[in-house]
Structure formats: C-alpha cells, structure tokens
Amino acid sequence: MGQIIDSMDQAVASKVSEVLDLAVLERLLEDTSIDFLPSLIEVFEAESSQRLENINQAMSENDLATLGIEAHSLKGTSATFGAETLRSTAERIEKAAKSGDQATVDQFVPSVPSQLESVLAELNRFSSALSA
C-alpha cells in the first residue's frame, strides 16, 4: 500500500477496506490531494443522492432507459472511490435495464441505498482519519 494509507491507523484502514479499495483511494489521493478529498466526497454524496432519486423515479415510472443511464453514472463514480460492491451492483442494474431484464433490476435496485450509505460512511471515516 502507499505511504498515506500505511500511516493511517490500521483499525480504521481495516474497517474502510471492507467497503472501499484502499489502493484506489491511494491513487485518488496521489492524483488530487488530502486537502481536496472532503470536497470530492461532498460532490460524490450530492451526485449519488440525486442518482438514487432518479433511479427510484425511473423504477416507479418503469423507465428502464433512464434507469440504465443513471446506473451507468453511479457505476463510474463508485469506481472512482473504489466502492467495488456498489460499482458491481450498478453495473448489473445497467446491463439488466439495457436488456429489459426487469427481474434483475427488481432484484438489485433495493440494495443500492444501503450500499451507498456504507460507502459514504467509510469515505467519511477515511477522510477523517487522514485529517487526524
């Protein structure tokens, strides 16, 4: 792992790594900065919350095209932060929506809110540990 994460409290790193890929976060920090991370998390939280609203609206309107687009965007932003489980779920929703597979959409969409909540909690834990 990189120097930044190696210097982090190992209990925190272990907890964060249950939800987020630490190597991806390390690369993100190398490409930006520790000081910029809270702003990135804030933008991710706002955009992801909006995506979730859009996903729920698309579900209620049976709009698989919009659902696929929103899932695609969520997949990309999740990957940026190393949120592999959320990324994978979004990818499954995207593919199912594009192929018209309503059963798979119905299976995976309900897990998005709790996955997103876990990602945001661990991103904030990670950010707080870096600034401690």
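This is a short tour of a predicted model, stop by stop.

**Whole chain**

Start with everything shown as a cartoon. The protein has eight helices and zero strands. Read from the N terminus, its elements run α-α-α-α-α-α-α-α. The radius of gyration is 16 Å, close to the 14 Å that the globule rule gives for 132 residues, so the protein is as compact as a globular protein of that length. Now turn the C-alpha trace along its principal axes. The trace spans about 45 × 20 × 20 Å.

Colour by burial next. Buried residues account for 41% of the 132 residues. Then consider the contacts between residues at least 6 apart in sequence. Of these, 65% join residues at least 24 apart.

**Helix 4 and helix 5**

Select residues 37-60 for helix 4 and residues 64-80 for helix 5. Their axes lie 9 Å apart, and the packing angle is about 155 degrees. Angles over 145 degrees count as roughly antiparallel. Helix 4 and helix 5 are therefore roughly antiparallel to each other. Look at the handedness too: helix 4 passes helix 5 in a left-handed crossing.

Show side chains at this contact. From helix 4, pick F44, E47, S48, R51, N54, I55, A58 and M59. They meet T66, L67, E70, A71, S73, L74, T77 and S78 of helix 5. By class, the residues of this contact of helix 4 with helix 5 are seven nonpolar, six polar and three charged.

**E70, inside that contact**

Zoom in on E70, a residue of helix 5. Is E70 buried or exposed? Its relative accessibility is 9%, so E70 counts as buried. Leave out residues up to four places away in sequence, and E70 touches R51, N54 and I55. Those three residues also appear on the helix 4 side of the contact with helix 5.

**The loop at N62**

Move to the loop between helix 4 and helix 5, and select N62. Check the backbone here. N62 has a positive phi of about 55 degrees, although N62 is not a glycine. With a relative accessible area of 55%, N62 is exposed.

**K75 in helix 5**

Go back to helix 5 and select K75. Its relative accessibility is 18%, and K75 counts as buried. The cut-off for buried is under 20%.

What does K75 touch, not counting residues up to four places away in sequence? The partners are R87, A90, E91 and E94. Now draw a distance from K75 to L28. These residues are 47 apart along the chain, and their C-alpha atoms are separated by 16 Å.

**Helix 4 and helix 8**

Keep helix 4 selected and add helix 8, residues 112-131. The two pack at an angle of about 170 degrees, with their axes 10 Å apart. That makes helix 4 roughly antiparallel to helix 8.

Show the side chains of this contact. Helix 4 brings L37, P38, I41, F44, E45, S48, S49 and L52. Helix 8 brings V112, P113, L116, V119, L120, L123, N124, F126, S127 and L130. The classes in the contact of helix 4 with helix 8 are 13 nonpolar, four polar and one charged. Pause on F44 and S48. Both belong to this contact with helix 8, and both also belong to the contact with helix 5.

**S127 in helix 8**

Select S127, which is in helix 8. S127 is buried, with a relative accessible area of 10%. Not counting residues up to four places away in sequence, S127 touches L37, P38 and I41. These three sit on the helix 4 side of the contact with helix 8. For a distance check, link S127 to A46. Their C-alpha atoms are separated by 17 Å, and the residues are 81 apart along the chain.

**Helix 2 and helix 8**

For the last stop, select helix 2, residues 10-17, together with helix 8. The axes come within 9 Å and cross at roughly 155 degrees. That makes helix 2 roughly antiparallel to helix 8. The crossing of helix 2 and helix 8 is left-handed.

Which residues meet here, between helix 2 and helix 8? V12, K15 and V16 of helix 2 meet E122, R125, F126 and A129 of helix 8. The contact of helix 2 with helix 8 has four nonpolar, no polar and three charged residues. One residue to highlight is F126, part of this contact with helix 2 and also of the contact with helix 4.

Terms used
Residues numbered from 1 in each chain as written. Predicted model: local features only at pLDDT ≥ 70, side-chain atom pairs only at ≥ 80, totals over all residues. Heavy atoms only, no water. Axes fitted to C-alpha atoms, helices over the stretch in contact; angles between N-to-C directions. Helix = DSSP H or I, 4+ residues; strand = E, 2+ residues; numbered from the N terminus. Parallel < 35°, antiparallel > 145°, perpendicular 65-115°, else oblique. Left-handed = near helix turned anticlockwise from the far one by under 90°. Contact = heavy atoms within 4.5 Å. Nonpolar A, V, L, I, M, F, W, Y, C, P; charged D, E, K, R; others polar. Rg over C-alpha atoms; globule rule 2.2 N^0.38 Å. Buried < 20%, exposed > 50% of the residue type's maximum accessible area, 1.4 Å probe, protein only.
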